[in-house]
Amino acid sequence: MTSQEADQQGPIVLILGAPGAGKGTQAKNISKALSIPAISTGAIFRQNMADGTELGNRAKAYMDAGEFVPDAVTNPMVKARLEAPDAQNGFLLDGYPRTIDQAYYLRDALAETGRDFDLVLEVSVDFDEVVERLLKRAEVEGRSDDTEPVIRHRLEVYHEQTEPMVTYYADQDKLVQIDGLGTVDEVWDRIYKVLDEHNLLPQN
Ligand code: ADP
């Protein structure tokens, strides 16, 4: 498909980053700036846990251990979410894909409807900084997976499983790495500039 056709369907952006990199916060900013829904797999799982659904019950043990929820659960959930009416004019995916297998699954799911993504943002921060941020967040939000051993495990899993996937996107020339150090506004300025350079901001 031509890029013009892709534009008519609205932007598709992925945001990746280690736990604590601040992707959830920036996802909200991007969603607002581009008028697209931000779809966070972690948030969907947490909502399901809070509602006590079967999906939530299945995800809980994995999340509490800092492990990925199995693809057999995660992939169809994402696919169904991307078929919803509000995702037809672009969307932002936050926290998915996280493995190379999920990246292939997403590629195929998008291809089925003739779509492809426009941009992958990876927010990077150093290990000690994120541990500190997450421990602070634990005090505020009380997330059951924000304890120090689980945080450290989530960071290891990111390093082992998600970082190799980032290379897959870098090879496609759609990856932009963002320095996640600094205030929320400083990081947002960096992201905004990239969205602008990629002509993803709405024209008015
Ligand atoms: P963080 O990146 O800070 O750990 P998220 O909200 O993105 O926070 O994810 C929290 C947890 O939800 C993960 O540790 C994992 O158990 C589960 N999860 C989120 N996204 C995925 C995914 N794409 N595949 C498998 N599990 C996921």
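# Exercises: ligand site, loops and helix packing

Of the 20 residues around the ligand, those that come nearest are Thr-41, Arg-46, Glu-67, Arg-98 and Arg-154; a residue counts as near if one of its heavy atoms lies within 4 Å. This is a predicted model, in which local features need pLDDT of at least 70, side-chain atom pairs need 80 or more, and totals for chains, interfaces and linings use all residues. Residues are numbered from 1 along each chain as its sequence is written, and side-chain values use heavy atoms, without hydrogens and water.

**Exercise 1.** Find which polar atoms lie by the ligand's nitrogen and oxygen atoms, and state how much of the ligand is buried.

*Solution.*
- Apply the cut-off: a polar contact is a pair of N or O atoms within 3.5 Å.
- Start with oxygen. A ligand oxygen atom sits 3.0 Å from a polar side-chain atom of Lys-23.
- Go on to nitrogen. An N or O atom in the Thr-41 side chain is 2.7 Å from a ligand nitrogen atom.
- Check the backbone too. A polar backbone atom of Gly-95 is 3.0 Å from a nitrogen atom of the ligand.
- Now take the area. The ligand alone exposes 540 Å², and the protein buries 98% of that (Shrake-Rupley method, 1.4 Å probe).

**Exercise 2.** Locate the cis peptide bond and the positive phi of Ser-35.

*Solution.*
- Tyr-96 and Pro-97 are joined by a cis peptide bond, with omega about -5°.
- Pro-97 lies in the loop between strand S3 (91-94) and H6. Helices (H or I, at least four residues) and strands (E, at least two) are DSSP runs, numbered from the N terminus.
- Ser-35 is not glycine, yet its phi is positive, near 55°.
- Ser-35 belongs to the loop between helix H2 (23-34) and strand S2 (38-40).

**Exercise 3.** Classify the packing of H3 with H5.

*Solution.*
- Recall the descriptors: two packed helices are described by the angle between their axes and the distance between the axes.
- Read them off. The axes of H3 (residues 41-51) and H5 (residues 71-82) cross at roughly 100° and come within 11 Å.
- H3 and H5 are therefore roughly perpendicular (65 to 115 degrees).
- List the contacts, meaning heavy atoms within 4.5 Å. Thr-41, Ile-44 and Phe-45 of H3 meet Val-73, Thr-74, Met-77, Val-78 and Arg-81 of H5.
- Sort by class: five residues are nonpolar, two polar and one charged.

Conventions: A polar contact is a pair of N or O atoms within 3.5 Å; within protein, one must be able to donate a hydrogen and the other to accept it, and residues adjacent in sequence count only if both atoms are side-chain atoms. Axes are lines fitted to C-alpha atoms, for helices over the stretch in contact, and angles run from 0 to 180 degrees between N-to-C directions. Angles under 35 degrees count as roughly parallel, over 145 as roughly antiparallel, 65 to 115 as roughly perpendicular and the rest as oblique. Ala, Val, Leu, Ile, Met, Phe, Trp, Tyr, Cys and Pro count as nonpolar, Asp, Glu, Lys and Arg as charged, and the others, Gly among them, as polar.
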